[in-house]
Amino acid sequence: MDFADKVLSELVAKIRALEAEIESRIAEKRAQFHYSVQRNRVRFDQEVRDKHRAFRLGLWQQIRQSPLPFILVSPFIYALILPLALLDLFMAVYQAVCFRVYGIQQVPRADFIVIDRQHLAYLNPLEKINCIYCSYANGVIAYAREIAARTEEYWCPIKHSRPVATPHSRYTQFVDYGDAEGYRQRQDELRDHAGSTPDGPPPKL
């Protein structure tokens with residue numbers, strides 16, 4: 001392992017440590033705002049739910065307060081549900097078929113598509129619908145990105161010649177641009193890594 005690879009490995013380790021710290025902070029916030037997660041369902045104390053309802057904005061009040069251009073462009077926003085749903089379906093079928101052939105562990109959809117904001121009592125029905133929509137849209141895109149990342153690591157694990165904004169989870173492991181020898185030497189290793197979770201071993205097929 002050369003110096004650059006060592007630095008990248010250290011950075012990845014730091015990212016993992018930061019992720020663990022984030023989980024700890026989230027646990028603190030759960031205690032602060034008096035909620036728990038049981039079987040993927042959020043539960044608030046009844047007293048907290050009553051307080052939340054006091055902050056709920058009436059549906060018609062919100063509609064009246066919305067600028068007319070916001071209302072007029074809303075069909076364009078909601079129309080995206082069609083390509084998003086198709087992307088969701090096609091990515092699920094793609095990895096179910098191709099990842100089995102390649103030996104790549106499939107991406108758990110539930111890890112990326114998290115829909116839970118509708119349980120908040122301070123949101124009115126329209127706000128809940130919008131939150132469900134945004135959670136689904138961003139979750140599908142993140143889900144598709146991870147599937148694409150594992151595919152790229154398997155077939156073309158080469159970094160680009162210039163910096164990439166917000167690279168995906170696998171990018172730091174890729175071979176440097178122009179490193180022909182490293183590409184041939186590490187191709188099998190990276191394919192094995194593509195068949196695993198970032199912290200786990202390749203699956204047994």
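A residue is taken as exposed when its relative accessible area is over 50% and as buried when that area is under 20%. In this predicted model, Phe-70 has a relative accessibility of 58% and therefore counts as exposed. Phe-70 is located in helix H4 and belongs to a nonpolar surface patch of about 1,200 Å². Together with Phe-70, the patch is formed by Trp-60, Ile-63, Leu-68, Ile-71, Leu-72, Val-73, Phe-76, Ile-77, Tyr-78 and Ile-129. Helix H3, spanning 59–65, and helix H4, spanning 68–78, each contribute at least two residues to this patch, and the most comes from H4, which provides eight residues.

Turning to the interior, the largest nonpolar core consists of nine residues, namely Met-91, Phe-99, Ile-104, Val-107, Tyr-143, Ala-144, Ile-147, Tyr-154 and Ala-194. Two or more of these residues are given by each of helix H5 (81–102) and helix H6 (125–155), with H6 supplying the largest share, four residues. When residues up to four places away in sequence are set aside, Tyr-154, a member of this core, touches Tyr-102, Ile-104, Arg-191 and Ala-194.

Helix H6 also contains Thr-151, which counts as buried because its relative accessibility is 16%. The side chain of Thr-151 is joined to that of Tyr-94 by a polar contact of 2.8 Å, and a polar atom of the Thr-151 side chain lies 2.9 Å from the backbone oxygen of Ile-147, a residue of the core described above. Beyond residues up to four places away in sequence, Thr-151 touches Tyr-94 and Phe-99, and Phe-99 is likewise among the core residues.

Key:
Residues are numbered from 1 along each chain as its sequence is written. This is a predicted model: local features need pLDDT of at least 70, side-chain atom pairs count only at pLDDT 80 or more; totals for chains, interfaces and linings use all residues. Side-chain values use heavy atoms; hydrogens and water are left out. Patches are made of residues with over 30% relative accessible area and no salt bridge: like charges are joined within 9 Å, nonpolar side chains (Val, Leu, Ile, Met, Phe, Trp, Tyr) within 5 Å. Accessible areas come from the Shrake-Rupley method with a 1.4 Å probe; for residues, only the protein chains shown count as cover. A salt bridge is a side-chain nitrogen of Lys or Arg within 4 Å of a carboxyl oxygen of Asp or Glu. Buried means under 20% relative accessible area, exposed over 50%, partly exposed in between (1.4 Å probe, protein chains only). A nonpolar core is a set of buried Ala, Val, Leu, Ile, Met, Phe, Trp, Tyr and Cys residues joined through side-chain atoms within 4.5 Å. Contact means heavy atoms within 4.5 Å. A polar contact is a pair of N or O atoms within 3.5 Å; within protein, one must be able to donate a hydrogen and the other to accept it, and residues adjacent in sequence count only if both atoms are side-chain atoms.
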